[in-house]
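Biologist: I have a two-chain model open and would like a guided look at it. Could you take my questions one at a time?

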Amino acid sequence: MAEQKPFDFTEFFREFVTQWERDMDSLANRLMGTEEYSRTMNEAQRVQTRLQKSFSDFMGEQLARFNVPSRDEVVHLGESLRTLDTRLARVERLLQDLSWGDRNVPPPAPVPGPPRTKQPPSRSGANPSAAPSREDRS
Amino acid sequence: MSEVKGDDPKIAQQVRAITQRIIQRNIKGLEFLTASPIPVGLSPKDVVLSRGTMRLYHYRSMADEVYRVPLLIVMATTNKAFLFDLAPGQSMVEFLLKSGFDVYVIDWEAPTAAERGLDLKTYTQDFIPSCVRTVLERSGEPDVSIVGYCMGGVLSLIYAATHSDGPLKNLACLTTPVNWHGMELNRIWSDERYFDIDQFVDAVGVVPADFIQQGFEMLRPAQKTAGRIRVWEQMWNDEFVKSYRAFERWGNETLPLAGEYFRETTKELLWRNKLYTGELMVDGKSANLANIKVPVLHAIAEHDHICPETASKPLLQLVGSTDKEEIKLKGGHVSLIAGPSAVKRMWPRLANWLAERSV
């Protein structure tokens with residue numbers, strides 16, 4: 001007769017968690033997958049968005065009154081600087097390209113790397129499962 | 001004192017193991033709570049193109065010889081591309097590099113307020129073509145293979161359909177939704193009778209990351225809690241904890257979305273299902289999937305709750321390719337890319353399919 005396995009609490013706990021997760025997700029999906037839920041959720045979202053916008057506008061006005069920039073303005077300033085930086089880099093690259101054109105020099109050659117001669121395992125006679133195993137990738 | 005009898009030594013062993021784990025759980029639990037973010041995306045790479053929200057990485061080769069056709073991986077716009085390169089040994093990029101591919105990845109940064117106007121046209125007619133051009137220039141090759149994941153797959157499909165005479169050699173889509181009406185819960189939650197997309201986008205400009213993350217979490221509300229219970233139970237297991245932390249970091253770094261892009265995706269894809277019906281127009285060009293004639297591979301996950309089979313399955317019927325293949329693998333939306341089954345199943349299948357078509 002096969003030996004009876006002793007009770008494994010760890011395994012029992014893992015299965016319990018998995019089952020609980022499955023049941024909860026299924027229940028939540030049933031409850032939330034209704035038109036009524038969608039209507040309520042979107043209404044709440046709409047109110048929240050409006051409130052946030054009103055509050056943000058109000059704070060912006062108050063800060064302007066004290067001659068202090070709002071967070072949005074500071075962020076906008078930072079973004080503008082970043083955009084300027086990117087544009088400068090692009091202009092710099094264009095100027096470089098133009099100077100290449102003036103000197104009648106060909107565009108940059110492909111970046112050197114290993115030869116592009118590899119053949120698929122089926123054609124090279126190698127084992128198709130020769131892709132590195134987990135152990136190989138230490 | 002009573003003596004231990006019969007199979008009691010086994011029970012004693014169990015008790016000893018449980019006690020050891022409780023002690024380790026307490027010691028390592030403290031480390032877990034105080035640890036700084038786990039390093040991710042460690043494979044050596046260079047940023048070869050950067051424009052606003054877009055980054056193009058070129059990974060340094062790990063093979064002596066590579067396949068002729070370079071490979072461009074397009075990440076979903078909602079998340080960071082380090083999912084492809086979570087940790088050494090848990091990295092699709094590393095696997096592909098060691099398998100002999102020349103790998104490029106398009107990653108996304110959070111769009112700024114100034115980028116609120118980015119739309120499907122920007123992503124598919126500007127960003128992806130610019131990256132393709134850069135890949136061709138750097139490799140000196142006339143064609144490229146593209147692998148798109150989730151929404152990255154959708155963008156790749158639109159690019160392929162609108163550039164049918166372009167340099168695309170092969171297209172692999174990983175868990176890519178084409179029939180958006182198949183995403184039942186998302187459709188209900190975004191019901192156009194109740195969800196005022198215009199009011200929402202006009203108010204926020206850029207859709208906050210929290211909003212996107214909540215959308216994902218609502219699909220599996222118990223997943224996060226169950227995950228925390230599991231990591232507490234496995235706290236003694238360093239490998240498990242490391243992997244959990246990497247996935248957790250990835251999930252927490254969900255990206256905001258440009259408002260116009262979100263508006264267009266919701267209206268054209270989720271409400272009108274135009275990718276499926278073939279009516280989608282981008283920049284005046286038809287994005288009918290029947291325009292795609294290159295070899296196509298589609299990998300779908302058996303337990304994908306974000307892009308269920310009903311949403312992804314029709315892809316092969318819709319493309320005009322004759323060389324097309326679907327593989328259905330165990331796992332979920334994320335574990336298909338970086339989970340244990342990805343290592344054993346998805347990566348080798350993808351590498352073999354690409355290898356045959358990359359010479």
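Modeller: Sure, and we can begin with the stretch of chain A where pLDDT stays under 50, residues 128-138. pLDDT is the predictor's confidence in each residue, from 0 to 100. This is a predicted model, where local features need pLDDT of at least 70, side-chain atom pairs count only at pLDDT 80 or more, and totals for chains, interfaces and linings use all residues. Residues are numbered from 1 along each chain as its sequence is written, while chains are lettered from A and ligands numbered from 1 in the order in which they are written.

Biologist: How many contacts beyond four places in sequence does the model have for residues 128-138 of chain A?

Modeller: Two residues are in contact if their C-beta atoms, placed from the backbone, lie within 7 Å. For that low-pLDDT stretch, the contacts beyond four places in sequence come to 19.

Biologist: Which element of chain A has the highest mean pLDDT?

Modeller: Chain A as a whole has a mean pLDDT of 79, with 78% of its residues at 70 or more. It has 4 helices and 0 strands, counting DSSP runs numbered from the N terminus (helices H or I, at least four residues; strands E, at least two). Helix H4 (residues 121-124) of chain A is lowest at 77, and the highest, at 90, is helix H1 (residues 9-32) of chain A.

Biologist: Why are H1(A) and H8(B) called roughly antiparallel?

Modeller: Axes are lines fitted to C-alpha atoms, for helices over the stretch in contact, and angles run from 0 to 180 degrees between N-to-C directions. Angles over 145 degrees count as roughly antiparallel (under 35 roughly parallel, 65 to 115 roughly perpendicular, the rest oblique). H1(A) and H8(B) have axes 9 Å apart and pack at about 170°, so the pair is roughly antiparallel.

Biologist: Which residues of H8(B) meet H1(A) there?

Modeller: H1(A) brings A:Phe13, A:Val17, A:Trp20 and A:Glu21. This contact divides into 5 nonpolar, 1 polar and 3 charged residues, where Ala, Val, Leu, Ile, Met, Phe, Trp, Tyr, Cys and Pro count as nonpolar, Asp, Glu, Lys and Arg as charged, and the others, Gly among them, as polar. On the H8(B) side you'll find B:Gln223, B:Ala226, B:Ile229, B:Arg230 and B:Glu233.

Biologist: Which element gives the largest share of the side of chain B that touches chain A?

Modeller: The whole contact takes 42 residues from chain A and 54 from chain B. On the chain B side, 26 are nonpolar, 11 polar and 17 charged. The largest share, 6 residues, comes from H15(B).

Biologist: In the open sheet of chain B, which are the edge strands?

Modeller: Strands pair if DSSP finds at least two bridges between them. The sheet has 8 strands in the order E1-E2-E6-E3-E7-E8-E13-E14, with mixed pairing. Pairing on one side only marks the edges, strand E1 (45-51) and strand E14 (324-329) of chain B.

Biologist: And B:Glu109, is it buried, exposed or partly exposed?

Modeller: B:Glu109 sits in the loop between strand E6 (103-108) and H3 of chain B. A residue is buried with 20 or more other C-beta atoms within 10 Å of its own, exposed with 12 or fewer, and partly exposed in between (C-beta atoms placed from the backbone). B:Glu109 has 14, so it is partly exposed.
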